[in-house]
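Me: I'm just getting started with structures like this one. Could you take me through a single part of it, slowly and in plain words?

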Amino acid sequence: MELTAIEKWLRTEDPQALAMLWKEADDTRKKFVGDAVHLRGLVEISNYCVRRCGYCGLNVTNRAISRYRMSLEEIVECAKMARELGYGTVVLQGGEDYGITRDWMADVIRSVKETTGLAVTLSLGERSREDLNVWRQAGADRYLLRFETSDQTLYEKIHPSLRGRSSDRMEILRQLRDLGYEVGSGVMIGIPGQTYRSLAEDIVTFREMDIDMIGVGPYIPHPETSLASEQDSGMPDQVPNTELMTYKVLALTRLNCPSANIPSTTALATLNKANGRELGLQRGANIVMPNLTPTQYRICYEIYPAKACITENAEACGACMGWRIAAIGRTVGTGPGSRKSPSLPKN
Ligand code: SAH
């Protein structure tokens, strides 16, 4: 799809045209990745962060949250729970926390692998090539690092560099690929200052970089951030951070990257707690990430406010996902749910 066609779709409000878009995305999803919805158990292992991201509540200047880092034993317990609940993957996510050392994390990865055999996905920010290499050797399979926006000027504004170091997430994504990771990325939708054109560019970038896993979700303002005051920027080409816009991006991402693994995100479920997850799965997505973080930590991992599923325990979250998937006539995936070969399937 051409850039201009994608941009036109992003601006479309006509319900009949959108109904066609949803159907095409759902057909493409079925044809390329099937009816199975893969479950990835999310463990939020640390909320310490050195960054000052203008969108994220974990930014280092936020003194209103208490900080935690889970122990190796606690993380392994969560991974065992993932296995018991039948998930194929555990996702270990955190702030960019250098208290998570290269060697400690390698131990965690080895322990999780030895104990559970699950696929391990990491999402720990912009670590050095050496860290990423050691973690890959320790058994990590995948890495998630959203580039957040392909608009370089906007990116630099919302994601300040650390002193003396540039922030080049595109370069890290290439390194991850070189090291043999399955590579995940994505963007937020409706960041103040984000234009329709740049959001269309984001989707083209997913395709050009052949990203394996693509997470897209609405930007949700957090009061303890620098961007919070900029909600009504009034810019004429401003993308709204709405549920509808999120479905458009999901559907267009599926059409442009037919074999990618695409989650129906918690940020989307936060905007529509009743059936946002299901609608995401019916408009392009094929993955959900139930939360396994122990409840006492979960409330401290507030990247944005009023997150869905904040008070449920792991079992409740898993059961809820199971019935939501069944209710829309889909099945729960088995095995690790790695990306299939991107070549066209035989009809
Ligand atoms: N420290 C890791 C993980 C960050 S949390 C990293 O930087 O990669 C994962 C994702 O949550 C981020 O990449 C971002 O896209 C999303 N996120 C953060 N703050 C958000 C907000 N206020 N609204 C919506 N999504 C947000």
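**A look at the second largest cavity**

Reply: Sorted by class, the residues lining the second largest cavity are two nonpolar, six polar and two charged. Keep in mind that this is a predicted model. So who is in that lining? Walking along the sequence, you meet V33, A36 and H38, then S259, N261 and N286, and finally the run G337, S338, R339 and K340. V33 and A36 are the two nonpolar residues in that list, while R339 and K340 supply the two charged ones. The polar group includes H38, S259, N261 and N286, and also G337 and S338. Glycine may surprise you there, but the classes used here put Gly with the polar residues.

How much space is inside? The second largest cavity holds about 50 Å³. A search through the whole structure turns up two cavities of 30 Å³ or more.

For contrast, look at the ligand's surroundings. Its shell has nine nonpolar, five polar and four charged residues. Of the 18 residues around the ligand, Y55, G94, E148, R169 and I220 come nearest. Some polar atoms pair up here too: a ligand nitrogen sits 2.9 Å from a polar backbone atom of Y55. One ligand oxygen atom is 2.9 Å from a side-chain N or O atom of R146, and an oxygen atom of the ligand is 2.6 Å from a side-chain N or O atom of E148. On its own the ligand would expose 550 Å², and the protein buries 92% of that.

Definitions and conventions:
Residues numbered from 1 in each chain as written. Predicted model: local features only at pLDDT ≥ 70, side-chain atom pairs only at ≥ 80, totals over all residues. Heavy atoms only, no water. Near = heavy atom within 4 Å. Polar contact = N/O pair within 3.5 Å; in protein donor to acceptor, adjacent residues only side chain to side chain. Areas by Shrake-Rupley, 256 points an atom, 1.4 Å probe, with all protein chains shown as cover. 1 Å grid on protein atoms, 1.4 Å probe; cavity = no way out; pocket = protein on both sides within 12 Å on 5 of 7 lines; lining within 4 Å. Points joined across faces, edges and corners; volume = space filled by probe spheres on them.
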